Amino acid sequence: MDKFVVRGGNPLLGTIRVSGAKNAALPCMAASLLTTAPVVLENIPQVRDIETERRLLASMGAEVELGYGRAQHRTTLCCARLESPEAPYDLVKTMRASTLVLGPLVARCGVARVSLPGGCAIGARPIDLHIKGLERLGATITQEHGYIEARAQRLRGAHVVFDRITVTGTEDLLMAATLAEGETLMENCACEPEVADLATLLNKMGARIEGAGTPTIRVHGVTSLSGTRHRIIPDRIEAGTFVVAAALTGGDLIVSGCDPHHLTALLDKLRECGVEIRPNGDSVRVIGNGPLQPADVNTEEYPGFPTDMQAQYMTLATQAEGSSVITENIFENRFMHALEMVRMGANIKIEGRRAIVRGKTPLSGAAVLASDLRASASLVLAALVADGETIIDRVYHIDRGYERIEEKLRSVGAEIKRIGEMFPKRITVPAGRG
Ligand code: EPZ
């Protein structure tokens, strides 16, 4: 079990570069199932979830080639021969986004067998809306022994209105509808940039999609899709994490290779807290000078304040001069990090989906435990401002979605090191052998 050892107190200074978006790369990799031709994806982050997705697709018979050296962020996927349209429990349980193969498989193969993901640290996270949507497109869905089986000769276009906004639900159905007969109209869709990026890829593959990135998406089904090359968008949550780290440590940091537009809700909130923010093209300069002001936050679907930045914002709120109320509206159990911060001296009271954070409270180094991806990021941020040494256990959570975070932070002045071996420095997969 890798750990991070962090010594707090250093302002972050310089330039830090953002990787490609994990939550865009995963659906885009799943989309390669929709064609027999090769799909080349660039700006793929080197994180654990991408490795899991590679293993998932390879287990079905796909050839997945991860790039080397200068091409290390490029992946070539070819699903010409799919032996078994199945996503096994041992992979799905490690990464819920594995369920994103359901729509593409039933659309391409007429059958898909996908394990139900089971419980998650941040909430129940059912996939009933994925299933309902596919049934609207004419799939017959059965559930047995913890697996969903979807069958359809050919999906048929339909009018789908999501009961509630779901990111991967929108993506799953979007992929399925591309090969359906006729037109699909999807309403109350997720507007996340990752959904729009997936649609951009699909349209490059020959799909006919309009309105992605808005609540209403129209898909004109086609009979087949082709291969293409596509560059994944930057990771707005990784960028947001570094922006908060700079504000928190009183640093002067340029976060480069990001899209500031995707961060609007967060940047506006930090301005409210008194942080100086200077967007410029594909970078944001963050100057954390002077005391932080408290500000309340409500997590919402995009373009609202992202739930994936809630934990990191909570760390910042512990250093604000006054009380902030954080309301988590997306997931029912996403305050696990609060108790670990209290161990470091924070003053946080949880009342259902609300956290009342009283600042400013000096934090002191302690041994803490990461429970999920974004919670672990918030603990790294807390450790950057804590007095003394913090030891963060179970950082495998952070490796799921942050590429070499300790190296990136060290390059701008943080005192952080990893104890233990991160997943192999280089995934040595001989070229073309998925
Ligand atoms: C995506 O998860 C992201 N994951 C999550 O990021 C992110 O937190 C979430 O969207 C919200 O922004 C990926 O893109 C791979 P949802 P997803 O379906 O699609 C309920 C990270 O840290 N719901 O939009 O699984 C659900 O329980 C991860 O990178 C149903 O009830 O989230 C939740 O309360 C964590 N039935 C809400 O909707 C369904 O069928 C929103 O979930 C689907 C969802």
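Biologist: Which residue caps the N-terminal end of α8?
Modeller: It's a predicted model: local features need pLDDT of at least 70, side-chain atom pairs count only at pLDDT 80 or more, and totals for chains, interfaces and linings use all residues. Residues are numbered from 1 along each chain as its sequence is written, and side-chain values use heavy atoms, leaving out hydrogens and water. The backbone nitrogen of Ile237 has a side-chain oxygen 2.9 Å away (polar contact: N or O atoms within 3.5 Å, a donor with an acceptor), and that oxygen belongs to Asp235.

Biologist: How far apart are the end C-alpha atoms of α8?
Modeller: Helix α8 (a DSSP run of H or I, at least four residues) covers residues 236-248. With 13 residues at 1.5 Å a residue (counting one less than the number of residues), it should span 18 Å. The model agrees, as the end C-alpha atoms are separated by 18 Å.

Biologist: How many residues of α8 are buried?
Modeller: Buried means under 20% relative accessible area with a 1.4 Å probe, protein chains only. Helix α8 is mostly covered, and its buried count is 13 of 13.

Biologist: What residue with a positive phi follows α8?
Modeller: Look just after the helix for a phi near 65 degrees. That residue is Gly250.

Biologist: And α6, which residue's side-chain oxygen reaches the backbone nitrogen of Gly169?
Modeller: Check the start of α6, where the gap is within 2.9 Å. The side chain is that of Thr166.

Biologist: How many of the twelve residues of α6 are buried?
Modeller: Helix α6 runs over residues 167-178. Leu173, Leu174 and Met175 are among its buried residues. It's largely enclosed by the rest of the structure, because the buried count is ten.

Key. Helices (H or I, at least four residues) and strands (E, at least two) are DSSP runs, numbered from the N terminus. Buried means under 20% relative accessible area, exposed over 50%, partly exposed in between (1.4 Å probe, protein chains only).
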